[in-house]
Amino acid sequence: MKTSNQWILHFKENAKRQRIDWSLKPEISEQEISAILHSLQAWQLGETSDGRHLLKAVTRYANQTNDPAYIEATALFIKEEQKHGNNLGIYLDRIGKPRIKADLGDTLFRKVRYFNANMEIWTLTVTVVESTAQIFYQSMKDATRCKLLKQICTDILIDEAPHIEFQTERLSIIFNSKTALGKALSLRAYCIFYFSTAFVVWLAHKKLFKAGGNTFRKYMIKMRYKYNRIINRITANSALFSNNAIAH
């Protein structure tokens, strides 16, 4: 597991990477636009969150756990997400399509986050969204022949894997502070929340997912695989925490 300072270094180094050739002209067909535009606009809006409420919860949590570096690490994580939103926005501008200011799905997610001060729920929510984002951006990449859009999606996909690791590690730390009963209850809650959210995301963006070659069954198989990886990391770390406690 990385420390918060190691994550700070990761995000700072990754910010120096330039993977998109902005000299490319967007070449996208009307058919492709029809399939992906709504989802592209909605996800672009979601990626532009300023993260104020998350940072507020993180600051409270970091002060309680004596991990002040986690605040900066999270701020850099948010900045990387905002980069995604900015890149998607530039692409929308270049194809002459508007950036939307409201979306029902985005509004619901923001309402849930705004009224939540619990770090475990925050971390779980972000982990689920990042998991769906991997399938979302791969689907968008597969749904178009536009080289510029493919590069934008690839850049985001490269960023997303460490994002899930960043969140999963924190979720593991929180999970392993619980009693055996607390862990059992949490695992049940994680499963219900994860797949309920995955289903909502499918309903909101099924046109895009299908354009990228995913049936509902394929989508859920991929989400199940990602869920199992996340839970395996958490429980593996649980065993590690227990062994370390015994050793000391």
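Leaving aside neighbours within four places in sequence, Thr127 makes contact with Gln167, Thr168 and Ile230. In this predicted model, Thr127 belongs to helix α6, which runs over residues 119-142. Thr127 counts as buried because its relative accessibility is 1%, and the cut-off for a buried residue is under 20% relative accessible area.

A second threonine, Thr132, is likewise found in helix α6. Thr132 is buried, since its relative accessible area is 1%. When residues up to four places away in sequence are not counted, the residues touched by Thr132 are Trp43, Ala198, Val201, Tyr219 and Met223. Among these partners, Ala198 and Val201 fall in the stretch 185-204, which the UniProt annotation of an unreviewed entry records as "transmembrane region". Over residues 185-204 the model shows 100% helix and 0% strand, and the C-alpha atoms at the two ends of this stretch are 29 Å apart.

The fold as a whole consists of helices, with 9 helices and 0 strands in the protein, and reading along the sequence gives the pattern α-α-α-α-α-α-α-α-α. The protein has 248 residues, of which buried residues make up 48%. Among the contacts with a separation of 6 or more, 83% are between residues that lie 24 or more positions apart. The accessible surface of the protein comes to about 12800 Å², and carbon and sulfur atoms account for 57% of that surface.

Contacts between residues distant in sequence can be followed from helix α2, which covers residues 30-46 and contains Ser39. Ser39 counts as buried because its relative accessibility is 3%. Apart from residues up to four places away in sequence, Ser39 touches Phe136, His205 and Leu208. Ser39 and Phe209 are 170 residues apart in sequence, yet their C-alpha atoms are 9.4 Å apart in space.

Helix α2 can also be approached from Leu92, a residue of helix α4. Leu92 is buried, since its relative accessible area is 0%. The C-alpha atoms of Leu92 and Leu40 are separated by 8.3 Å, although the two residues are 52 residues apart in sequence. With neighbours within four places in sequence left aside, Leu92 is in contact with Leu37, Leu40, Gln41 and Gln44, and also with Lys97, Pro98 and Arg99.

Helix α4 spans residues 69-94 and also contains Lys79. Lys79 counts as exposed because its relative accessibility is 56%, the cut-off for an exposed residue being over 50%. Lys79 and Asp50 are 29 residues apart along the chain, and their C-alpha atoms are separated by 8.4 Å.

Lys79 is also one of the residues that line the second largest pocket. The volume of this pocket is about 210 Å³. Rolling a probe the size of a water molecule over the atoms shows where empty space is left. The lining of the second largest pocket is formed by Phe11, Lys12, Asn14, Ala15, Arg17, Gln18, Leu76, Lys79, Glu80 and Lys83. Helices α1 (4-14) and α4 each supply at least two of these lining residues, and α4 gives the most, with 4 residues. By class, the lining of the second largest pocket contains 5 charged, 3 nonpolar and 2 polar residues.

The loop between α3, which covers residues 52-65, and α4 contains Asn66. Most residues other than glycine have a negative phi. Asn66, although not a glycine, has a positive phi of about 55 degrees. Asn66 is exposed, since its relative accessible area is 70%.

Definitions and conventions: Residues numbered from 1 in each chain as written. Predicted model: local features only at pLDDT ≥ 70, side-chain atom pairs only at ≥ 80, totals over all residues. Heavy atoms only, no water. UniProt positions renumbered as here; feature names shortened; annotations may be inferred. Buried < 20%, exposed > 50% of the residue type's maximum accessible area, 1.4 Å probe, protein only. Contact = heavy atoms within 4.5 Å. 1 Å grid on protein atoms, 1.4 Å probe; cavity = no way out; pocket = protein on both sides within 12 Å on 5 of 7 lines; lining within 4 Å. Points joined across faces, edges and corners; volume = space filled by probe spheres on them. Nonpolar A, V, L, I, M, F, W, Y, C, P; charged D, E, K, R; others polar. Areas by Shrake-Rupley, 256 points an atom, 1.4 Å probe, with all protein chains shown as cover.
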